[in-house]
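Hi everyone, thanks for making the time. Please pull up the structure on your own screens, and I'll talk you through a few places in it.

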Amino acid sequence: MYFFILGDVLGAGVYVLVGQVAAASGGAVWVPLLVALALSLLTAASYAELVTKYPRAGGSSHYATRAFGPAAGFVTGFCMLAAGIVSVAALARGFAGDYLTAFVTLPVALVAGLFLVLLGLVNARGIRESTRANVVATLVEVGGLVIIVALGAWLLLRGEGDPGRLLELGTPQEDPAAAVLSGSVLAYYSFVGFETSVNVAEETRDPGRSYPRALFGALATAGVVYVLVGVAASAAVPTGVLADSSGPLLEVVRAAGGVPPLLFSAIALVAVANGALLTGIMSSRLAYGMARDGLLPSVLTRVLPVRRTPWVAIIATAGPALLLALTGSVATLASTLVLLLLVVFLFVNAAALALRSDPGEPGHFRAPVVLPVLGAASCVVLATQIEAEVWLRGGAILGLAVVLAVIAAGRSRRGSLPPGARETHRVDADA
């Protein structure tokens, strides 16, 4: 479970967003990364309680449904689905950036389109093939981050770089405190992924003991790696260069030497593609599951005759991802993803508080009540730091979620939903 969560958290986000975090917060990139880790741990405590209290439940949407009713559960599930689509769009955009231009320069629209088509084909091929590719790709992407940390240390030992940048906080537009919060919104993107582990918690031995240890341990490990990467990038490369690059870690490789830039670019592209593949699988299966429960159009339940993969759901999630990739920057898309997940996490933290009196499974993890309170407050604080442009995009998605929730609630009252539609379930792996 520890490695499952670590593999979900460690990934593509840091490869493309370190430069954007530097642009928002200043040279001390490690500070917003550390703040984002602390805020993630608050919500992780609520997940640890709910997952171990209801180890056979269906995740965030189920917790919201149990605490506040089916409308809240639908909004939570829809935001999870939309967040996955936005994440794939951000990674498609990142794939078309400086890491790819190390090999070839092509129009962003062409690269994003081909990238999403290829991901869809791998996704449609089957979950087994996709997860096999993920094992190899995860080792590659973690190796890339270790290379960056080692190169940063080597560069500083040579007396090069500028350690003074590690204390530079603030930008010409914002004071240090506001800059750290702005950077933390983007850095938060690098820590998401732990919430997907709720679907496999029941498969662990003694979830009440093992799941919290794995969850907090994996997040702490990812935090250490990310902080070290942030230190290496800030010390090795001027802040302006990092901010202007869509392949910021490649700038560290160029500054330190010793590793061919083409080799590292290939590693980064594998990391980005792997992150997009995993998220694409999650999004299409979530859309399939919601359609099977009667919450989305039934056409999304159609599967290929032999492979049994949900081909309509794959197309339906890849299409909006392409549109978003063509109309938004990586930073804007990452912030939109964070906004949607903040809604999900707000519901989860509130559900942890609302369900405190429910005994649940005996021996479950119980977080101190202050942690879900602070977790909910952190979601509100981070949401206030998101730009108006992102709120317009994310607000439209939230508005759609509310409208669909009202429609679904009306159908439920008329008894038109199939049995089990009010609870999110785990989609079969071979579906």
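**A cavity, some rings and a few small residues**

Let's begin inside the protein, with the second largest cavity: helices α5 (70–95), α7 (108–125), α13 (261–292) and α14 (311–327) each supply at least two residues of its lining. Before I go further, please keep in mind that this is a predicted model.

How many cavities of 30 Å³ or more are there? The count comes to 2. The one I want to show you, the second largest, holds about 130 Å³ of space. Its lining is made up of 13 residues, and those nearest the centre are Val 88, Asn 123, Gly 280, Thr 317 and Ala 318. What about the chemistry of that lining? It divides into 8 nonpolar residues and 5 polar ones, with no charged residue.

Now let's look at one of those central residues, Ala 318, which is found in helix α14. Is Ala 318 buried, partly exposed or exposed? With a relative accessible area of 22%, Ala 318 is partly exposed, since buried would need a value under 20%. To give you a sense of distance, the C-alpha atoms of Ala 318 and Asn 349 are separated by 30 Å, and these two residues are 31 apart along the chain.

Staying with the helices that line this cavity, please find Ser 284 in helix α13. Ser 284 has a relative accessible area of 0%, so this serine is buried. Which residues does Ser 284 contact, once its neighbours within four places in sequence are left aside? They are Asn 123, Pro 310, Ala 313, Ile 314 and Thr 317. You've met two of those names already: Asn 123 and Thr 317 are among the residues nearest the cavity centre. Along the chain, Ser 284 is 91 residues from Gly 193, and their C-alpha atoms are separated by 16 Å.

On to the aromatic rings. The structure holds 12 aromatic pairs. Take Phe 191 and Tyr 226: why is this pair called edge-to-face? The ring centres are 5.2 Å apart and the planes stand at 80°, and an angle over 60 degrees counts as edge-to-face. This pair links distant parts of the chain, with Phe 191 in the loop between α9 (176–188) and α10 (207–236), and Tyr 226 in helix α10, 35 residues away. Both of these aromatic residues are buried.

There is also a cluster to look for, in which ring pairs link Tyr 47, Tyr 188, Phe 194 and Phe 345. And for those of you who like a charge with your aromatics, try Arg 158: its charged end sits over the ring of Trp 154, 4.6 Å from the ring centre.

Tyr 47 from that cluster takes us to Ser 60. You'll find Ser 60 in helix α4 (residues 60–68). At a relative accessible area of 6%, Ser 60 is buried. Leaving aside neighbours within four places in sequence, Ser 60 is in contact with Tyr 47, Thr 76, Val 344 and Val 348.

Helix α4 also holds Ala 67. Unlike Ser 60, which is buried, Ala 67 counts as partly exposed, at 24% relative accessibility. Ala 67 touches Ala 351, Ala 354 and Leu 355, not counting residues up to four places away in sequence. Leu 398 is 331 residues from Ala 67 in sequence, and the two are 20 Å apart in space, C-alpha to C-alpha.

Two more stops and then I'm done. Ser 335 lies in helix α15 (residues 330–354) and, at 4% relative accessibility, counts as buried. Not counting residues up to four places away in sequence, Ser 335 touches Val 185, Leu 186, Ile 386, Glu 387 and Val 390.

The last one is Gly 19, in helix α2 (residues 12–25). Is Gly 19 buried or exposed? Its relative accessible area is 0%, so Gly 19 is buried. Leaving out residues up to four places away in sequence, Gly 19 touches Leu 242, Ala 243 and Pro 248. Ala 44, by comparison, is 25 residues from Gly 19 in sequence and 26 Å from it in space, C-alpha to C-alpha.

That's my tour. Thanks for listening!

Notes. Residues are numbered from 1 along each chain as its sequence is written. This is a predicted model: local features need pLDDT of at least 70, side-chain atom pairs count only at pLDDT 80 or more; totals for chains, interfaces and linings use all residues. Side-chain values use heavy atoms; hydrogens and water are left out. Rings of Phe, Tyr and Trp (its six-membered ring) pair if their centres lie within 6.5 Å; planes under 30 degrees apart count as stacked, over 60 as edge-to-face and the rest as tilted. Helices (H or I, at least four residues) and strands (E, at least two) are DSSP runs, numbered from the N terminus. Buried means under 20% relative accessible area, exposed over 50%, partly exposed in between (1.4 Å probe, protein chains only). A charge sits over a ring if NZ of Lys or CZ of Arg is within 6 Å of the ring centre and within 35 degrees of the ring normal. On a 1 Å grid over the protein atoms alone, a cavity is a set of points where a 1.4 Å probe fits but cannot get out, and a pocket is an open set with protein on both sides within 12 Å along at least five of seven lines; lining residues have an atom within 4 Å of a point. Grid points are joined across faces, edges and corners, and a volume is the space filled by probe spheres set on the points. Ala, Val, Leu, Ile, Met, Phe, Trp, Tyr, Cys and Pro count as nonpolar, Asp, Glu, Lys and Arg as charged, and the others, Gly among them, as polar. Contact means heavy atoms within 4.5 Å.
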